[in-house]
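Here's a quick briefing to read with the model open next to you. Take a look at the fold, then come back for the details.

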Amino acid sequence: SRGLGDVYKRQVDNVVETNEQVDRDAIDLMLGNIDDLAQVQSNITKAGIAVDLLVTVKNEALSAYNTIINMQV
């Protein structure tokens with residue numbers, strides 16, 4: 001079984017990976033090593049989605065935590 005920590009770690013890893021790809025694309029673009037600008041745009045979009053998903057997971061986890069903390073026993 002996978003816990004919330006595992007899900008969150010996978011999301012963080014995905015953000016790091018997609019941002020590293022965008023950084024590589026930027027360098028290759030500056031050096032003139034990229035012909036496929038559509039792929040660069042696709043990688044930028046993937047990185048943005050990864051960040052949005054990470055923020056959503058974080059917000060849902062905090063919301064669940066706050067709900068549990070505020071429950072009356």
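The crossing of α1 and α2 is left-handed. Keep in mind that this is a predicted model. The two players are α1, covering residues 4-30, and α2, covering residues 37-69.

**How the helices pack**
- The axes of α1 and α2 sit 9 Å apart, and the packing angle is about 155 degrees.
- Angles over 145 degrees count as roughly antiparallel, so that is how α1 runs relative to α2.
- As for what the contact of α1 with α2 is made of, its residues split into 17 nonpolar, 6 polar and 3 charged.

**Helix α1**
- With 27 residues at 1.5 Å each, α1 should span 39 Å, and that agrees with its end C-alpha atoms, which are 39 Å apart.
- Looking for what's tucked away in α1? Its buried residues are Gln11, Val15, Thr18 and Asp25.
- α2 is part of what covers those buried residues of α1.

**Just past α1**
- Gly32 comes just after α1 and has a positive phi, about 75 degrees.

**Helix α2**
- The 33 residues of α2 reach 48 Å from first C-alpha to last, close to the 48 Å you'd expect at 1.5 Å a residue.
- On the buried list for α2 you'll find Val40, Asn43, Ala47, Ala50, Leu54 and Val57.
- Those buried α2 residues pack against α1.

How values were computed:
Residues numbered from 1 in each chain as written. Predicted model: local features only at pLDDT ≥ 70, side-chain atom pairs only at ≥ 80, totals over all residues. Heavy atoms only, no water. Axes fitted to C-alpha atoms, helices over the stretch in contact; angles between N-to-C directions. Helix = DSSP H or I, 4+ residues; strand = E, 2+ residues; numbered from the N terminus. Parallel < 35°, antiparallel > 145°, perpendicular 65-115°, else oblique. Left-handed = near helix turned anticlockwise from the far one by under 90°. Nonpolar A, V, L, I, M, F, W, Y, C, P; charged D, E, K, R; others polar. Expected span 1.5 Å × (residues − 1). Buried < 20%, exposed > 50% of the residue type's maximum accessible area, 1.4 Å probe, protein only. Contact = heavy atoms within 4.5 Å.
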